[in-house]
Amino acid sequence: MATVLGGLEQARGGPQPLLDTLTAYFASGCLNTATARRLGMSVRTIAYRLGRIRQLTGHDPIDPDQRYILQTAALGARLLDWPSQPLQPAD
């Protein structure tokens, strides 16, 4: 998970807003309009955030093959309460 989403830590304001965007995007069927409505933002803001996620992680949430990687990592982040809880280093 840290390998995929770790780049989000470089985001201004921290990773949580971008992680919330990913979670809402996946829950909305990967539709920008539905995601914007769910988050109370403009479609342009959602498009910007998805582009920023692509820049920071190297994975494009719009590409179906890469979307699965991000969706799995976002689910893991939610289960591990990341970024509120730091990830434990692998031994």
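A polar contact is a pair of N or O atoms within 3.5 Å, where within protein one atom must be able to donate a hydrogen and the other to accept it. The exercises below use a predicted model.

**Exercise 1. Place Ser-28 and find its polar partner.**

Task: State where Ser-28 is found, whether Ser-28 is buried or exposed, and which side chain joins it in a polar contact.

Solution.
- Step 1. Ser-28 sits in the loop between H2 and helix H3 (32-39).
- Step 2. The relative accessible area of Ser-28 is 11%. Buried means under 20%, so Ser-28 is buried.
- Step 3. Leave out residues up to four places away in sequence; Ser-28 then touches Ala-34, Thr-35 and Arg-38.
- Step 4. The side chains of Ser-28 and Arg-38 are joined by a polar contact of 3.0 Å.
- Step 5. Cys-30 is found in the loop between H2 and H3 too. Cys-30 is not a glycine, yet has a positive phi of about 60°. Its relative accessibility is 19%, so Cys-30 counts as buried.

**Exercise 2. Work out the two sides of H5.**

Task: Compare the span of H5 with the expected value, then sort its buried and exposed residues.

Solution.
- Step 1. H5 covers residues 64-79, 16 residues in total. From first C-alpha to last it reaches 23 Å, close to the expected 22 Å.
- Step 2. Its buried residues are Leu-70, Ala-73, Ala-74, Gly-76 and Ala-77.
- Step 3. These residues cover an arc of only 160° around the axis, so they lie on the same side of H5.
- Step 4. The other side of H5 holds the exposed residues Pro-64, Asp-65, Tyr-68, Arg-78 and Leu-79.
- Step 5. The buried residues pack against helix H1 (2-5), helix H2 (16-27) and helix H4 (43-57).
- Step 6. Check the N-terminal end. Asp-63 caps it, with a side-chain oxygen 2.8 Å from the backbone nitrogen of Asp-65.

**Exercise 3. Describe the largest nonpolar core.**

Task: How many residues does the largest nonpolar core have, and which have the most contacts inside it?

Solution.
- Step 1. The core has 20 residues.
- Step 2. Leu-5, Leu-8, Phe-26, Ile-53 and Leu-70 have the most contacts inside it.
- Step 3. At least two core residues come from each of H1, H2, H4 and H5. H2 gives the largest share, 5 residues.
- Step 4. Zoom in on Phe-26. Residues up to four places away in sequence aside, Phe-26 touches Arg-67, Leu-70, Gln-71 and Ala-74.
- Step 5. For context, nonpolar side chains tend to be buried together in soluble globular proteins.

**Exercise 4. Contrast two arginines.**

Task: Decide whether Arg-49 and Arg-54 are buried or partly exposed, and name a side-chain partner for each.

Solution.
- Step 1. Arg-49 lies in helix H4. Its relative accessibility is 17%, so Arg-49 counts as buried.
- Step 2. Apart from residues up to four places away in sequence, Arg-49 touches Pro-17, Leu-18, Thr-21 and Met-41. A polar contact of 2.8 Å links its side chain to that of Thr-21.
- Step 3. Arg-54 has 39% relative accessibility, so Arg-54 counts as partly exposed.
- Step 4. The side chain of Arg-54 meets that of Asp-60 in a salt bridge, 4.0 Å from N to O. The whole structure holds 1 salt bridge.

**Exercise 5. Inspect the backbone after H5.**

Task: Which peptide bond is cis, and what is the phi of Asp-81?

Solution.
- Step 1. Asp-81 lies in the segment after H5. Its phi is positive, about 55°, although Asp-81 is not a glycine.
- Step 2. The relative accessible area of Asp-81 is 40%, so Asp-81 is partly exposed.
- Step 3. Pro-83 is in the segment after H5 as well. The peptide bond from Trp-82 to Pro-83 is cis, with omega near 15°.

Notes: Residues numbered from 1 in each chain as written. Predicted model: local features only at pLDDT ≥ 70, side-chain atom pairs only at ≥ 80, totals over all residues. Heavy atoms only, no water. Helix = DSSP H or I, 4+ residues; strand = E, 2+ residues; numbered from the N terminus. Expected span 1.5 Å × (residues − 1). Buried < 20%, exposed > 50% of the residue type's maximum accessible area, 1.4 Å probe, protein only. Arc of directions from axis to C-beta. Contact = heavy atoms within 4.5 Å. Core = buried A, V, L, I, M, F, W, Y, C linked by side-chain atoms within 4.5 Å.
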